[in-house]
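The following paragraphs walk through a structure, starting at a metal site and moving on to aromatic contacts. Please keep the 3D view open while reading.

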Amino acid sequence: MNFINYYMPTKIISDKEVILKNSNLFSSYGKKALIVTGKTSSIINGSLKDVTNALEKEGIVYAVFNNVEENPSLETVEKIAELGRTQNSNFIIGIGGGSPIDSAKAAGVLINNPNATRFNLFDNPALKSIPVIAVPTTAGTGTETTPYAILTDNELKTKHCICQKVFPEYALLDVKYLMSLPEKITINTSIDALSHLIEGYLSSKSNIISDALAEKGLKLFGECLNMIKEKDFTYVVREKLMFASTIAGMVIAQSGTSLPHGMGYSLTYFHNIPHGKANGVLLKSYLQFSENKHRVRKILYLLTIENLDELGDFLKNMLGKIDNVSYKDICSYAEIMALNKDKLKNHPTPVGKENILKMYKDSLNL
Ligand code: NAP
Ligand code: FE
């Protein structure tokens with residue numbers, strides 16, 4: 001048996017009206033909270049109001065940063081940190097998709113370390129964050145159960161993960177926040193969760209515990225497959241996708257992500273392709289490339305999909321095509337990916353630049 005090191009300290013509570021029922025847990029983190037959220041969705045789905053009601057009930061004062069963009073930048077994180085440092089926040093609540101929750105994690109590190117700069121997010125792993133509580137309103141990134149925060153670095157022209165490990169203290173899950181997710185975002189984010197499950201299951205860092213979680217997540221996704229195809233996103237389907245996503249977070253917290261994520265970052269950075277779609281378009285060619293044919297068959301079996309062509313058709317129908325990327329573009333993205341040692345080492349066999357280029361080529365029909 002391989003060495004196992006499983007660690008996932010986030011407490012997960014999933015319930016109807018989870019915030020109001022558990023408002024008391026906020027008070028153990030102090031009297032000043034900073035809420036970090038996106039531009040509008042948390043107002044529409046009621047999550048922001050639920051959190052502010054809970055804080056008021058507990059006599060906790062709060063500041064709100066509600067301007068996190070998709071694929072958040074380091075500049076945004078600095079603005080959040082400035083607000084938190086001024087407020088002297090004791091803890092931070094990230095509400096929304098991966099973008100606000102990741103921003104909350106990174107800003108939490110800067111708030112806890114007043115002299116730290118954005119550069120320290122990538123060179124000083126010892127820095128700790130103030131406590132983070134995550135209230136996810138998409139079912140995709142699983143950031144509520146991962147230690148990662150992925151930020152857009154406009155100087156390096158890519159997205160990358162901060163070097164501190166920031167597991168949220170709590171992940172508070174309520175399916176009601178997902179009911180307002182538009183079809184497209186529901187699909188793209190669910191495919192992000194699927195990518196996490198697949199990359200995690202095939203990772204060189206997978207272990208018996210992460211495998212058990214990945215298999216359960218893939219099975220849950222498989223149970224939703226027909227409803228996803230029909231775009232029939234009932235409460236029950238959204239609940240399964242939410243659990244698949246949170247479980248997928250627990251998987252990649254151990255295994256990391258690998259080639260589809262690393263390759264997808266350039267599609268997002270240079271072509272504005274949503275994160276889940278960017279990974280999803282690469283999945284079929286990634287599975288074709290994988291040498292672990294036994295695991296690839298198991299993935300398809302759990303998803304109730306016959307073969308890789310059927311998976312490719314499903315993904316194409318759900319995600320649509322990408323047609324603004326040229327052959328010259330993918331040559332340069334293959335160069336970038338070939339230098340991404342962190343992602344490459346999560347794939348169990350050697351990967352050359354030509355393998356990466358072929359995966360891009362096959363995926364984008366170039
Ligand atoms: P997102 O970028 O957080 O949000 C995408 C869009 O969805 C935004 O327009 C947002 O609107 C909207 N939205 C969110 N919740 C909604 C709801 N309930 N109803 C209606 N609209 C809603 O999307 P995401 O896919 O969840 O996060 C992607 C980010 O997470 C990427 O930066 C990715 O790299 C990162 N990621 C992180 C991890 C990790 O482990 N940390 C893993 C994978 C990916 P508003 O702006 O109005 O809120
Ligand atoms: Fe992802």
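His196 and His261 are both buried. The model in which they are found is a predicted one. His196 belongs to helix α8 (residues 183-201) and His261 to helix α11, so this pair ties together parts that are 65 residues apart in sequence.

Both histidines bind the iron ion (ligand 2), whose protein donors are Asp192 (OD), His196 (NE2), His261 (NE2) and His275 (NE2). The donors lie 2.1 to 2.2 Å from the iron ion. Along the chain, their spacing reads D-x3-H-x64-H-x13-H.

What is the geometry of the site of the iron ion (ligand 2)? The angles among the four donor atoms run from 82 to 166°, and the site is irregular. A tetrahedral assignment would need all angles between 85 and 135 degrees, so the range of 82 to 166° does not qualify. For reference, the ideal angle for four tetrahedral donors is 109.5 degrees. Water is not among the atoms, so a site may look incomplete.

The aromatic contacts come next. The structure holds seven aromatic pairs. One of them is formed by Phe221 and Phe314, whose ring centres are 6.5 Å apart and whose planes meet at 85°, so the pair is edge-to-face. Phe221 sits in helix α9 (residues 208-230) and Phe314 in helix α14 (residues 308-319); the two are 93 residues apart, and their pair links distant parts of the chain. Both Phe221 and Phe314 are buried.

The rings of Phe270 and Tyr333 are arranged in another way: their centres lie 5.3 Å apart and their planes are at 10°, so this pair is stacked. It too links distant parts of the chain, with Phe270 in helix α11 (residues 259-271) and Tyr333 in helix α15 (residues 327-338), 63 residues apart. Are the two partners buried or partly exposed? Phe270 has 35% relative accessibility and therefore counts as partly exposed, whereas Tyr333, at 3%, counts as buried. Ring pairs also join Phe270 and Tyr333 with Tyr269 and Tyr360 in a cluster.

Finally, there are contacts between charged side chains and rings. The charged end of Lys11 sits over the ring of Tyr170, at 5.1 Å from the ring centre. Arg295 lies over the face of Tyr201, 4.3 Å from the centre of that ring.

Methods:
Residues are numbered from 1 along each chain as its sequence is written. Chains are lettered from A and ligands numbered from 1 in the order in which they are written. This is a predicted model: local features need pLDDT of at least 70, side-chain atom pairs count only at pLDDT 80 or more; totals for chains, interfaces and linings use all residues. Side-chain values use heavy atoms; hydrogens and water are left out. Rings of Phe, Tyr and Trp (its six-membered ring) pair if their centres lie within 6.5 Å; planes under 30 degrees apart count as stacked, over 60 as edge-to-face and the rest as tilted. Helices (H or I, at least four residues) and strands (E, at least two) are DSSP runs, numbered from the N terminus. Buried means under 20% relative accessible area, exposed over 50%, partly exposed in between (1.4 Å probe, protein chains only). A charge sits over a ring if NZ of Lys or CZ of Arg is within 6 Å of the ring centre and within 35 degrees of the ring normal. Donors are N, O and S atoms within 2.8 Å of the metal (3.2 Å for Na, K and Ca); water is not among the atoms, so sites may look incomplete. Four donors count as tetrahedral if all angles lie between 85 and 135 degrees; four count as square planar and six as octahedral if opposite donors are over 155 degrees apart and all others between 65 and 115; anything else is irregular.
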